[in-house]
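Open the model in your viewer and keep the selection tool at hand. The tour goes from one selection to the next and says what is found at each.

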Amino acid sequence: MTGSSLLTYWYYHLPNFILAALMYTLLGRALLGLIVGPDSSNYIWRFFCRVTDPVVAAVAVVTPKAVAPVVIWLFGVVWLFWLRVALLYLFLLMGAFPQGS
């Protein structure tokens, strides 16, 4: 894709980028959570928590309270992945998906 294609189809690329960034940040939080304690003052850990807490809160609403936090984080990764797939499918159905040359 060229730069002009990116600007032309911003309405697809921007939400897809945001969902991908959240998904990979949540995956990073799950991996970092294996090394760092939950109350750590590490600035990287605090950043990951601050960015992903809204997603974790949304997933925690539909997840049983008995599961470990890392499971909620991994469920969040799966939910965000399927949101990206649904976004792609929606744009394909609407005929608004960026076409290759």
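The stops below cover three helices, H2, H3 and H4, and the places where they meet. Bear in mind that this is a predicted model.

**Stop 1: helix H2**

Select residues 10-33, which form helix H2. This helix has 24 residues, and the distance from its first C-alpha to its last is 34 Å, close to the 34 Å expected at 1.5 Å a residue. Now colour its buried residues: Tyr12, His13, Asn16, Leu19, Ala20, Leu22, Met23, Thr25, Leu26, Gly28, Arg29 and Ala30. Several of these names return at later stops, among them Leu22, Thr25, Leu26 and Arg29.

**Stop 2: Thr52 in helix H3**

Add residues 43-62, helix H3, and pick out Thr52 within it. Is Thr52 buried or exposed? Its relative accessible area is 0%, so Thr52 counts as buried, the cut-off being under 20%. Leaving aside residues up to four places away in sequence, Thr52 touches Leu22, Thr25, Leu26 and Arg29. Each of these four is also on the list of buried residues of H2.

**Stop 3: where H2 meets H3**

Keep both helices on display and look at how they cross. The axes of H2 and H3 are 9 Å apart, and the packing angle is about 125 degrees. The two helices are therefore oblique to each other, and their crossing is left-handed. The residues of this contact divide into 10 nonpolar, four polar and two charged. To see them, select Leu22, Thr25, Leu26, Gly28, Arg29, Leu32 and Gly33 on the H2 side. On the H3 side, select Ile44, Trp45, Phe48, Cys49, Val51, Thr52, Asp53, Val55 and Val56.

**Stop 4: helix H4**

Next select residues 69-94, helix H4. At 1.5 Å a residue, its 26 residues should span 38 Å, and the end C-alpha atoms are 37 Å apart, which agrees. Its buried residues are Ile72, Trp73, Gly76, Val77, Leu80, Leu87 and Phe91. What covers them? The cover includes H2 and H3. Just after the helix comes Gly95, whose phi is positive, near 75 degrees.

**Stop 5: Val77**

Zoom in on Val77, in H4. Val77 is buried, with a relative accessible area of 14%. Which residues does Val77 touch, not counting those up to four places away in sequence? They are Met23, Leu26 and Leu27. Then draw a distance from the C-alpha atom of Val77 to that of Val56: these two residues are 21 residues apart along the chain, and the atoms are separated by 9.6 Å.

**Stop 6: where H4 meets H2**

Show H2 and H4 together. They pack at an angle of about 165 degrees, with axes 9 Å apart. H2 and H4 are therefore roughly antiparallel to each other, and the crossing is left-handed. Residues in this contact divide into 21 nonpolar, three polar and two charged.

**Stop 7: where H4 meets H3**

Finally, show H3 with H4. Their axes come within 9 Å and cross at roughly 80 degrees, which makes H3 roughly perpendicular to H4. The contact residues divide into 11 nonpolar, one polar and no charged. Select Trp45, Val55, Val56, Val59, Ala60 and Val62 in H3, which meet Ile72, Trp73, Phe75, Gly76, Trp79 and Leu80 in H4.

Note on methods. Residues are numbered from 1 along each chain as its sequence is written. This is a predicted model: local features need pLDDT of at least 70, side-chain atom pairs count only at pLDDT 80 or more; totals for chains, interfaces and linings use all residues. Side-chain values use heavy atoms; hydrogens and water are left out. The expected span of a helix is 1.5 Å times one less than its number of residues. Buried means under 20% relative accessible area, exposed over 50%, partly exposed in between (1.4 Å probe, protein chains only). Axes are lines fitted to C-alpha atoms, for helices over the stretch in contact, and angles run from 0 to 180 degrees between N-to-C directions. Angles under 35 degrees count as roughly parallel, over 145 as roughly antiparallel, 65 to 115 as roughly perpendicular and the rest as oblique. A crossing is left-handed if the near helix is turned anticlockwise from the far one by less than a right angle, and right-handed if clockwise. Ala, Val, Leu, Ile, Met, Phe, Trp, Tyr, Cys and Pro count as nonpolar, Asp, Glu, Lys and Arg as charged, and the others, Gly among them, as polar. Contact means heavy atoms within 4.5 Å.
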